[in-house]
Each structure stands twice: as C-alpha cells, then as structure tokens.
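Subject: Structure handover

Hello,

Here is the structure you asked about. Please open it alongside this note, and follow the residues as you read.

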Amino acid sequence: MTQTVGFVGLGIMGRPMALNLVKAGYDLVVHARRPESMAPLAEAGARTAESPAAVARDASIVFTMVSDTPDVEAVILGPEGVIQGVRPDAVVVDMSTISPSSTRMMATRLRAAGAAMLDAPVSGGEAGAKAGTLSIMVGGEPAAFARVQPLFEAMGGNIVHVGPSGAGQVCKSCNQIVVGATIAGVSEAVLLAQASGVDPRKVREALLGGFAGSRILEVHGLRMIEGDYAPGFKSRLHRKDMRVVLESAQELGISLTTAAMVAEWLDQLVESGLGEEDSAAIFEVIRGAVGEG
C-alpha cells in the first residue's frame, strides 16, 4: 500500500483507530496536540507531523478525530489546519461527532480547495475502536466513499454510506437518541425490579432472551446493577452529542422530547461531577429522582 494516509487526533478513540490503519499496512503520518499522544503511533511505525496542515501536505486521505464542532473547525479550517496543506483531489474524513450544518459548511470550503470531505462518525466506544469493529456512518460523495472504504474496513465492521454530506452526522445523532433513551428505559426497569424486591440480575437475564433484549440491557444493565461506571463512553461526551441533537432539531423546527430529557439527565450527571463516568450512570440520576437510594 503506497498511498500515505494522515490521522489528526489521537485520543481515546483516535489512537486505536490509527493503530489499526498501521496494522493494516498503511503508511501513516499523524498529528496530536500532545507529543505523548503520538508516541504509541511512532513506536508502531507511523511518522509524526507538527500540524494538521503538515499532515495534509503529505497525505492523500486525511482522517480527523477530535472532540467537538469547534475543535474540528480549528483542525480543518484554522491557520495550521488541514485546508492550508490539503492536496487537490484529497479526501478529508472527519470521524468526530459534530454538527451536521457545520460539516456541510466545511465540505463546501474543502470542495473549493479541490478536496472532498466525508463525515464518518462512529459508534462502538473504545472497545470497538481497539477491536476494529466500529459502526461507521458515512456522509458525502459516493466516489469519495469508494476510495476510503478499504480504510474504513480496517477500523470498523458495519460501514454504511448513509447519504450526502452531513448524513453521517445526522445518523450519529439518531444513534445517540436511541442509546440515551434505551439507557433510560433500562434504568427504570432495573429500578422497578429493585423496588419490587425482585432480583434485577434475574430480570435482566430473562429480558435478554426476549424482545426487550439489547446491547444496552446486556452491557449497561449490568453496569447499573453493579454500580460500575468505568467509562466506555463518558457522560460529558454523550452530553455534547445530545447538544448537537437538540441544536439540529432547533434548526429544523422540530421538538424531540425524549432527547431533551436525556440531555437534561446528562447535564445533571456532569454538573454533579460524574462527567468522566460512563453515561450508563444516567441510572443514578433517575434513581435519585424517584427517591431510591
């Protein structure tokens, strides 16, 4: 594989995703704000660059994976951003979870610079990033998607081209609504079992074999029962994602009542100092609201 691939953003998700590209045999050049974040990639054989622009000058496909909409805008459009060094006919692939409207704006700016952009947010958490089994939801031009698909396959298992620019971000917002609402439903089921004096472990076991079975019930239901909220997906990041959901809904003039309630619970979690805990800790907020301790 002779093409050079760039990766900007080597946090809890970006680092294992980039490592999977190295393992797949790609020539990788990387950048992160902190030099220590680049060290594992350098040890694995990747080259390092001093800025996103330097990555873009060296790569025909550039991935970005950072925290929030302003971070992506800075990485792509800033003074040392990708757009300052992007090659004609390059593809820029943002895998962060951000605003669909901002994504479309950046895609327009990159198109004017001669490059294509894909929005490709992911679901699956740190475990999925490490295992290379992420679900990847992609928006953008079909030709750009076809170019990048083999690289997606090094990072994910369920890869869907959803539609035009911004469609991947819309899909991720839909994912976060379903995840948040299901966490809330499982929370209430566990609380009802406990309040009734019925073993919630047995209830969970029974429900997993029926129509109520879900990955949320399997993983997060156990977290709730055991009170173990070591982060797979941090509450503060889920709160950010729900903010994106509600901003998009406002732009569209629609009301998402369930999403707004999930966002409120996540606000309470973060404000209580639990922002670094897994968002399954929504259970603790709901339990407090109904007076169960």
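A cavity here is a set of grid points where a 1.4 Å probe fits but cannot get out. Keep in mind that this is a predicted model.

**The cavity**

How many cavities of 30 Å³ or more does a search of the whole structure find? The search finds one. The volume of this largest cavity is about 40 Å³. Its lining is made up of Ala189, Val190, Ala193, Pro200, Val203, Arg204, Leu207 and Leu217. Two elements, α8 and α9 (200-208), give two or more residues each to that lining. Helix α9 has the largest share, with four residues. By class, seven of the lining residues are nonpolar, none is polar and one is charged.

**The second largest pocket**

This pocket has a volume of about 200 Å³. It is lined by 14 residues, and those closest to its centre are Val170, Ser173, Ser248, Ala249 and Leu252. Three helices each supply at least two lining residues: α5 (100-112), α8 (167-195) and α11 (235-252). Which of them gives the largest share? That is α11, with five residues. The lining divides into nine nonpolar, three polar and two charged residues.

**Aromatic pairs**

A search of the whole structure turns up three aromatic pairs. Take phenylalanine 7 and phenylalanine 63 to begin with. Their ring centres are 5.8 Å apart and their planes meet at 25°, so this pair is stacked. The cut-off for stacked is under 30 degrees. The pair links distant parts of the chain. Phenylalanine 7 is in strand β1 (residues 4-8), phenylalanine 63 is in strand β4 (residues 61-64), and their positions lie 56 residues apart in the numbering. Phenylalanine 7 counts as buried because its relative accessibility is 0%. Phenylalanine 63 is buried too, at 0% relative accessibility.

Phenylalanine 145 and phenylalanine 152 also form a pair, and this one is tilted. The distance is 6.1 Å centre to centre, with 35° between the planes. Both of these phenylalanines are buried. Ring pairs join Phe7, Phe63, Phe145 and Phe152 into a cluster.

**Cysteines**

How many disulfides does the count give? It comes to zero. The rule asks for cysteine sulfur atoms within 2.5 Å. For cysteine 171, the nearest cysteine sulfur is that of cysteine 174, 6.1 Å away, and cysteine 171 is in no disulfide. Cysteine 174 is likewise in no disulfide, with the sulfur of cysteine 171 as its nearest at 6.1 Å. Buried or exposed? Cysteine 171 counts as partly exposed, because its relative accessibility is 27%. Cysteine 174 is also partly exposed, at 43%. The range for that label runs between 20% and 50%.

**Three residues to look at**

Glycine 180 sits in helix α8. It has 0% relative accessibility, so it counts as buried. Leaving out residues up to four places away in sequence, glycine 180 touches His238 and Val262. Its C-alpha atom is 9.2 Å from that of leucine 266, although the two residues are 86 apart along the chain.

Serine 235 lies in helix α11. Serine 235 is buried, with a relative accessibility of 0%. Which residues is serine 235 in contact with, leaving aside its neighbours within four places in sequence? They are Leu266, Leu269, Val270, Leu274, Gly275, Glu277, Asp278 and Ser279.

Proline 231 is in the loop between α10 (215-226) and α11. Its relative accessible area is 34%, so proline 231 is partly exposed. Proline 231 touches Glu276, Glu277 and Asp278, again not counting residues up to four places away in sequence. Glycine 125 is 106 residues from proline 231 in sequence, yet the two are 9.2 Å apart in space, C-alpha to C-alpha.

Glu277 and Asp278 appear in the contacts of serine 235 and in those of proline 231. Put these on screen together when you look at that part of the model.

Best wishes

Technical notes: Residues are numbered from 1 along each chain as its sequence is written. This is a predicted model: local features need pLDDT of at least 70, side-chain atom pairs count only at pLDDT 80 or more; totals for chains, interfaces and linings use all residues. Side-chain values use heavy atoms; hydrogens and water are left out. On a 1 Å grid over the protein atoms alone, a cavity is a set of points where a 1.4 Å probe fits but cannot get out, and a pocket is an open set with protein on both sides within 12 Å along at least five of seven lines; lining residues have an atom within 4 Å of a point. Grid points are joined across faces, edges and corners, and a volume is the space filled by probe spheres set on the points. Ala, Val, Leu, Ile, Met, Phe, Trp, Tyr, Cys and Pro count as nonpolar, Asp, Glu, Lys and Arg as charged, and the others, Gly among them, as polar. Buried means under 20% relative accessible area, exposed over 50%, partly exposed in between (1.4 Å probe, protein chains only). Contact means heavy atoms within 4.5 Å. Rings of Phe, Tyr and Trp (its six-membered ring) pair if their centres lie within 6.5 Å; planes under 30 degrees apart count as stacked, over 60 as edge-to-face and the rest as tilted.
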